[in-house]
Amino acid sequence: MSVTNNIEENKTNALVNIFGRTDVGKSRDHNEDNFAIGQDIKANQWEFNQHAFKQGALGAVMVVADGMGGTNAGEVASEIMVNTAKQMFQKLQALPESSQAIKDYLKKVIKVAHKNILTHAAAHPETEGMGTTAAIAWVIGLKAYVAWSGDSRVYLYRQGVPLTPATDDHSMVWELVQSGHLTPNQARLHPQSNIITQSLGEARNPPNPEAKTLQLQTGDRLLLCSDGLNGELDDPDIEAILKNTQGTSEACQELVNKANLAGGSDNITVLLMDMLDINRVGKNVKVRDTADQKAGLDAQKKKIILGVSLLILVCSLYLLFSNLGQTDAPAQINKAANKAQKLPVMIDSAQTKNKQTSGKDTTSKEQGASTGRNEKENKPPVVQQEEKKADPKEVAALEARLKKLLDDKAKVLKNIEGLKKSYQDIPAELKKLKALQQRLTKEIASPLVAKKIIKGSNEFVAPATPKALKKAIYTIERVEASLYDIQEKMKHWQLSPNG
């Protein structure tokens with residue numbers, strides 16, 4: 001059975017409602033998360049509101065991207081991911097031929113976004129090192145096709161079923177969960193919970209996204225989120241909010257509020273889709289049609305109006321010829337009626353011709369683009385000159401700079417551990433200290449490992465070329481700035497009487 005047939009069967013008595021929220025949190029000075037909601041892919045409607053709606057022919061899509069890089073343009077990377085998804089879904093004219101083809105398309109979106117991030121970074125050196133996670137859910141009828149890279153999550157809430165992630169984080173601690181060495185909650189609280197094993201934007205470690213299909217039913221709630229939510233709230237906490245908060249927008253806001261109350265140590269993004277039952281929707285719930293459904297209804301209305309107009313015209317002609325006393329009145333009426341009956345066919349024919357012409361124009365453009373690509377591919381390869389080796393003195397200076405950075409980090413960490421014991425009975429202060437400890441991992445250790453500056457137990461990896469050396473220096477400068485900011489925040493406890 002084709003995908004299209006499955007969609008038609010699953011659409012019966014189904015409505016959806018989608019809403020999204022993003023928040024900077026309590027500890028960050030800017031928001032590196034981005035998201036997008038396409039309520040109707042076919043009609044190119046990338047917006048959301050508080051009205052339930054019927055899905056369009058190509059379904060609906062939700063995208064979450066959690067940018068990384070701090071001052072190094074994490075928000076740019078996440079925006080590129082979201083914009084790439086929009087552009088690729090805007091090109092769709094029909095559904096892929098199978099469920100596997102749909103999942104492959106979602107993986108392709110993530111991989112193309114990765115390439116776009118690298119291209120942007122090459123053109124804008126100040127954004128070098130930026131990256132992002134990605135989580136996409138494409139809902140068609142009563143099926144959700146999801147793909148992801150990194151630790152942004154997808155949850156499927158179903159009443160009476162304990163809530164667990166529908167996706168597996170691409171992170172170091174989640175691998176320990178899968179091997180049975182940690183529980184999910186232990187992984188959430190682990191000091192290295194923010195070290196991810198894949199993401200978009202790392203040239204040496206390209207993303208290898210996963211994809212799966214989720215079967216939906218009325219009453220389900222499909223949740224996409226960045227780790228700013230599940231890093232602060234455990235699965236039972238999230239489940240309780242989804243269970244007890246009915247409205248889609250209200251549930252989104254409540255999730256964000258509770259994550260902030262729990263610490264808000266990171267940016268928080270929440271997207272929620274509710275699968276509604278059309279037979280149980282209350283009278284106070286507003287329902288709107290998607291654009292392609294409106295177009296179909298408008299076409300039906302026009303045909304009805306045209307039919308009524310023709311009937312009035314025939315009656316008018318009959319009365320006219322009767323009054324004139326013409327003997328051939330019936331023949332004239334039949335002739336006029338026959339011409340009138342042909343009008344809808346002529347209209348449909350003209351519309352079909354316009355569509356075909358539009359299709360030919362599109363094909364022509366695509367062929368032109370293909371020709372351009374072939375011309376580029378046929379160009380002779382460029383012979384690249386061998387790069388020079390990095391200056392040994394500059395490499396040695398970089399190694400010394402790195403050693404001091406790691407020593408300072410170790411001192412800060414030791415200081416935090418001591419302060420945590422002193423403030424263990426003061427929850428508010430303890431949360432702040434834990435948030436700083438998480439920053440040490442995410443903004444100090446993770447970039448150094450991801451950029452291959454250190455490996456193993458802080459072993460220095462010497463850059464081989466001037467270009468690699470320049471990138472390493474830039475990364476260390478960024479990490480030093482983050483460490484300085486953390487050291488400045490530590491003064492709060494140094495001035496405290498209990499510190």
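**Exercise 1. Two packed helices**

Task: In this predicted model, work out whether α2 and α3 are parallel, perpendicular or oblique to each other.

Solution:
- Start with the geometry: the axes of α2 and α3 lie 9 Å apart, and the helices pack at an angle of about 135°.
- Next, recall the cut-offs: roughly perpendicular covers 65 to 115 degrees, and roughly antiparallel begins over 145.
- An angle of about 135° fits neither class, so α2 is oblique to α3.
- To finish the picture, note the handedness: the crossing of α2 and α3 is right-handed.

**Exercise 2. The core around these helices**

Task: Find which elements supply the largest nonpolar core, and which of them gives the most.

Solution:
- Begin with the members: this core has 33 residues, and Val 63, Met 81, Phe 89, Val 109, Ile 136 and Trp 138 touch the most other members.
- Now look at where the residues come from: β4 (60–68), α2 (74–90), α3 (99–123), β6 (134–140) and β7 (143–149) each supply at least two.
- Of the contributors, α3 gives the most, with eight residues.
- A separate core of 25 residues lies apart from this one, and its members include Val 395, Leu 405, Val 412 and Met 490.
- As background, nonpolar side chains in soluble globular proteins tend to be buried together.

**Exercise 3. A threonine in a loop**

Task: Decide whether Thr 127 is buried or exposed, and find what its side chain reaches.

Solution:
- Locate the residue first: Thr 127 sits in the loop between α3 and β5 (131–132).
- Its relative accessibility is 5%, and buried means under 20%, so Thr 127 counts as buried.
- Then follow the side chain of Thr 127, which reaches the backbone oxygen of His 124 at 2.8 Å.

**Exercise 4. Along helix α11**

Task: Compare the reach of α11 with its expected span, then list its buried residues.

Solution:
- Helix α11 runs over residues 392–422, which makes 31 residues.
- From first C-alpha to last, α11 reaches 45 Å, close to the 45 Å expected at 1.5 Å a residue.
- At its start, a side-chain oxygen of Asp 391 comes within 3.0 Å of the backbone nitrogen of Lys 393.
- The buried residues of α11 are Val 395, Leu 398, Leu 402, Leu 405, Leu 406, Asp 408, Lys 409, Val 412, Ile 416, Leu 419 and Lys 420.

**Exercise 5. From α11 to α12**

Task: Classify Leu 430 as buried or exposed, and find its C-alpha separation from Lys 420.

Solution:
- Leu 430 belongs to helix α12 (residues 427–450).
- With a relative accessible area of 17%, Leu 430 is buried.
- Although Leu 430 and Lys 420 are 10 residues apart along the chain, 6.0 Å separates their C-alpha atoms.

How values were computed: Residues are numbered from 1 along each chain as its sequence is written. This is a predicted model: local features need pLDDT of at least 70, side-chain atom pairs count only at pLDDT 80 or more; totals for chains, interfaces and linings use all residues. Side-chain values use heavy atoms; hydrogens and water are left out. A nonpolar core is a set of buried Ala, Val, Leu, Ile, Met, Phe, Trp, Tyr and Cys residues joined through side-chain atoms within 4.5 Å. Buried means under 20% relative accessible area, exposed over 50%, partly exposed in between (1.4 Å probe, protein chains only). Helices (H or I, at least four residues) and strands (E, at least two) are DSSP runs, numbered from the N terminus. A polar contact is a pair of N or O atoms within 3.5 Å; within protein, one must be able to donate a hydrogen and the other to accept it, and residues adjacent in sequence count only if both atoms are side-chain atoms. The expected span of a helix is 1.5 Å times one less than its number of residues. Axes are lines fitted to C-alpha atoms, for helices over the stretch in contact, and angles run from 0 to 180 degrees between N-to-C directions. Angles under 35 degrees count as roughly parallel, over 145 as roughly antiparallel, 65 to 115 as roughly perpendicular and the rest as oblique. A crossing is left-handed if the near helix is turned anticlockwise from the far one by less than a right angle, and right-handed if clockwise.
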